[in-house]
Amino acid sequence: MHANNGIFYKIPLKDIEFEKIKSLIYDKSGIFLKAEKKTLIENRLSKHIKTIGCKTFNEYHNYISSNIDEIQIMIDLITTNETYFFREIEHFKFFEKEIIPKQKSHLRVWSAASSIGAEAYSLAMILESSNEIKKYGYSVVGTDINTEVLKRAENGLYPMKFSEKIPRQYLREYCLEGFGKYEGSFMINDTLKSKTLFRQVNLIEPIPSFIEPFDIVFLRNVLIYFDMPMKQKIIKNIIPKIKKGGYLFIGHSESLNNISNALKQVRPTVYIKEF
Ligand SMILES: C[S@@+](CC[C@H](N)C(=O)[O-])C[C@H]1O[C@@H](n2cnc3c(N)ncnc32)[C@H](O)[C@@H]1O
């Protein structure tokens with residue numbers, strides 16, 4: 001592999017190497033890669049493999065198998081972190097109209113696969129603007145397995161195009177327009193940042209004890225990356241972290257069918273923990 005005239009040549013990933021990498025990714029993150037993801041893995045890892053001086057995926061596999069830092073780098077490179085503010089807006093409307101008005105105490109919200117923080121800050125904007133919540137206060141926790149996206153979430157600095165779905169009033173009140181070297185970006189203000197915490201959590205492992213039970217859990221657009229046993233494991237890990245009477249939101253294309261019946265469905269992708 002070599003760079004030539006700015007063109008980047010991929011390291012070819014043989015089927016047998018794909019199986020090894022795939023199994024390592026599954027063990028460490030739970031992410032299940034179908035055969036059609038082979039090219040994606042080739043594309044996402046080739047450049048890094050070259051940088052660390054490995055010539056083949058086999059060499060890379062041997063190199064990273066016992067190297068925790070390298071495994072984290074691989075996870076950071078292979079996870080799909082697509083997100084945007086106020087994604088799947090119906091959930092945010094339900095949250096604002098049906099949940100917030102009934103709240104009678106400090107509200108704790110968890111964005112459990114937060115990526116760069118757009119979901120966590122969207123929730124914080126709604127909470128910060130709510131008069132009902134002002135009385136009791138709130139906190140938002142965002143977690144992800146990918147350490148790079150968590151850094152971006154903590155910084156709260158986004159390209160201006162990310163502001164498109166943010167209601168104008170929230171944009172005015174909770175976002176600062178960048179200038180100078182930040183021209184073309186916006187930043188989440190300190191009030192929202194002070195109420196929003198980001199930490200690394202791997203959802204296939206026991207959830208750390210600092211993650212105390214929440215009133216609301218957003219677990220959206222992440223179950224799609226797992227096979228059935230992993231989905232079941234993740235939901236089993238998460239249920240004890242939802243308070244009695246609390247809600248779980250999953251992505252619009254996801255379902256809990258055959259995964260768990262511990263929660264009651266209140267909307268197609270919204271569940272309540274009754275007991
Ligand atoms: C497509 S994003 C979803 C972001 C956001 N929830 C949304 O709906 O816009 C999926 C996120 O899940 C994270 N993820 C994948 N496997 C994970 C795991 N085992 N534990 C925690 N997060 C994981 C990825 O790093 C990625 O940021």
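How far apart do the C-alpha centres of domain 1 and domain 2 lie? In this predicted model, the C-alpha centres of the two domains lie 30 Å apart, with the domain assignment placing domain 1 at residues 3-78 and domain 2 at residues 89-272. The contact between them draws 10 residues from domain 1 and 11 residues from domain 2.

The size of an interface is often given as the accessible area lost when the parts come together. Here the area buried between domain 1 and domain 2 is about 880 Å², and carbon and sulfur atoms give 51% of that area. On the side of domain 1, the residues that lose the most area to domain 2 are Tyr26, Gln72 and Asp76, which together account for 45% of what that side buries.

As for polar interactions, seven residue pairs are in polar contact between domain 1 and domain 2, counting pairs with both residues at pLDDT 80 or more, whereas the rule finds zero salt bridges across this interface.

Two helices, H1 (15-29) and H4 (68-78), each supply at least two residues of the side of domain 1 that touches domain 2, and the largest share of that side, four residues, comes from H1. The table sets out the classes of residue on the side of domain 1 that touches domain 2.

| Class, domain 1 side touching domain 2 | Count |
|---|---|
| Nonpolar | four residues |
| Polar | three residues |
| Charged | three residues |

The domain 1 side of the contact thus has three charged residues, while zero salt bridges are found between domain 1 and domain 2.

Terms used
Residues numbered from 1 in each chain as written. Predicted model: local features only at pLDDT ≥ 70, side-chain atom pairs only at ≥ 80, totals over all residues. Heavy atoms only, no water. Domains from an automatic or database assignment. Contact = heavy atoms within 4.5 Å. Buried area = accessible area lost by both parts, 1.4 Å probe. Salt bridge = Lys/Arg side-chain N within 4 Å of Asp/Glu carboxyl O. Polar contact = N/O pair within 3.5 Å; in protein donor to acceptor, adjacent residues only side chain to side chain. Nonpolar A, V, L, I, M, F, W, Y, C, P; charged D, E, K, R; others polar.
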